[in-house]
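Student: Take me through one part of this model closely. Start from side-chain burial, then work outward to the rest of the chain.

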Amino acid sequence: MASSSSLYSNSPCAACKFLRRKCMPDCIFAPYFPPDEPQKFANVHKIFGASNVSKLLNEVQPHQREDAVNSLAYEAEARIKDPVYGCVGAISVLQRQVISLQKELDSTNADLIRYNEILPNHGELSSPPPPPTFYFPSPWNNNDPLGDAYHTGGGDNI
């Protein structure tokens, strides 16, 4: 991601633009806060402060900085949405959802077990039942010895 600063060499990074200072070639923010994402830095600055973010980025190994910035940006956005709980609130909601879905899954599995106990052959369906045969005798059926197949259902042409 370090190459992103070279893509925007004419334009200061979002951090320097926000802080209204000149963006130097060795700017610690430039690779992680490109000029086309000003809100990302604004959120991080509002929650953590530019000085603290700068110190943190200087203490973190270069290969871990992008992950650190993404984490800060996520937490900052979550704190802005929920100032009390931040991302912990989102995690808590998701954990409750997982618990609820697990209960629903357990209930459905119990229903399946009960259903399998009702079916013969331990839940394996035997061959499907044959389709019902319907006999619709015709009043013009000449094979009906009584001549009343239409009324009684008699006759042997099933």
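Tutor: A residue is called buried here when its relative accessible area is under 20%, exposed when that area is over 50%, and partly exposed in between. Phe33, at 0% relative accessibility, therefore counts as buried. Keep in mind that this is a predicted model.

The part to examine is helix H5, residues 65–81. H5 has 17 residues. From its first C-alpha to its last it reaches 24 Å, close to the 24 Å expected at 1.5 Å a residue.

Begin with its buried side. Arg65, Ala68, Val69, Leu72, Ala73, Glu75, Ala76 and Ala78 are buried in H5. An α-helix has 3.6 residues a turn, so residues three or four places apart point the same way. The buried residues of H5 pack against three helices: H3 (38–48), H4 (50–59) and H6.

Glu75 deserves a stop. Its relative accessibility is 15%, so Glu75 counts as buried. Beyond its neighbours within four places in sequence, Glu75 is in contact with Phe48, Gly86 and Cys87. Its side chain also meets that of Arg79 in a salt bridge, 2.9 Å from N to O. Why can these two pair along the helix? Glu75 and Arg79 are four residues apart in H5, which means about one helical turn separates them. The partners differ in burial: Glu75 is buried at 15%, while Arg79 is partly exposed, with a relative accessible area of 27%.

Next comes Lys81, also in H5. Lys81 forms a salt bridge with Glu77, and the closest N and O atoms are 3.3 Å apart. The spacing is again four residues, so Lys81 and Glu77 sit about one helical turn apart. Lys81 is exposed at 66% relative accessibility. Glu77 is partly exposed at 39%. The whole structure holds four salt bridges. Another of them joins the side chains of Glu37 and Lys40, at 3.8 Å from N to O. Glu37 is partly exposed at 32%, whereas Lys40 is buried at 18%.

Now step past the end of H5. Tyr85 lies in the loop between H5 and helix H6 (87–118). Its relative accessible area is 52%, so Tyr85 is exposed. Val84, Tyr85 and Val88 form a nonpolar patch on the surface, with about 330 Å² of accessible area together.

Turn to H3, one of the helices that H5 packs against. Pro38 lies in H3 and is partly exposed, at 46% relative accessibility. Its C-alpha is 7.4 Å from that of Ala15, although the two are 23 residues apart along the chain.

Back to the rings. There are four aromatic pairs. In one of them, Phe33 and Phe41 meet edge-to-face, 5.2 Å centre to centre with 80° between the planes. Phe41 is buried too, with a relative accessible area of 0%. Ring pairs link Phe18, Phe29, Phe33 and Phe41 into a cluster.

Finally, the whole chain. It has seven helices and zero strands. Buried residues make up 26% of its 158 residues. Of the contacts with a separation of 6 or more, 43% come from residues 24 or more positions apart. The chain exposes about 11900 Å², and carbon and sulfur atoms supply 57% of that area.

Definitions and conventions. Residues are numbered from 1 along each chain as its sequence is written. This is a predicted model: local features need pLDDT of at least 70, side-chain atom pairs count only at pLDDT 80 or more; totals for chains, interfaces and linings use all residues. Side-chain values use heavy atoms; hydrogens and water are left out. Helices (H or I, at least four residues) and strands (E, at least two) are DSSP runs, numbered from the N terminus. Buried means under 20% relative accessible area, exposed over 50%, partly exposed in between (1.4 Å probe, protein chains only). Contact means heavy atoms within 4.5 Å. Patches are made of residues with over 30% relative accessible area and no salt bridge: like charges are joined within 9 Å, nonpolar side chains (Val, Leu, Ile, Met, Phe, Trp, Tyr) within 5 Å. Accessible areas come from the Shrake-Rupley method with a 1.4 Å probe; for residues, only the protein chains shown count as cover. The expected span of a helix is 1.5 Å times one less than its number of residues. Rings of Phe, Tyr and Trp (its six-membered ring) pair if their centres lie within 6.5 Å; planes under 30 degrees apart count as stacked, over 60 as edge-to-face and the rest as tilted.
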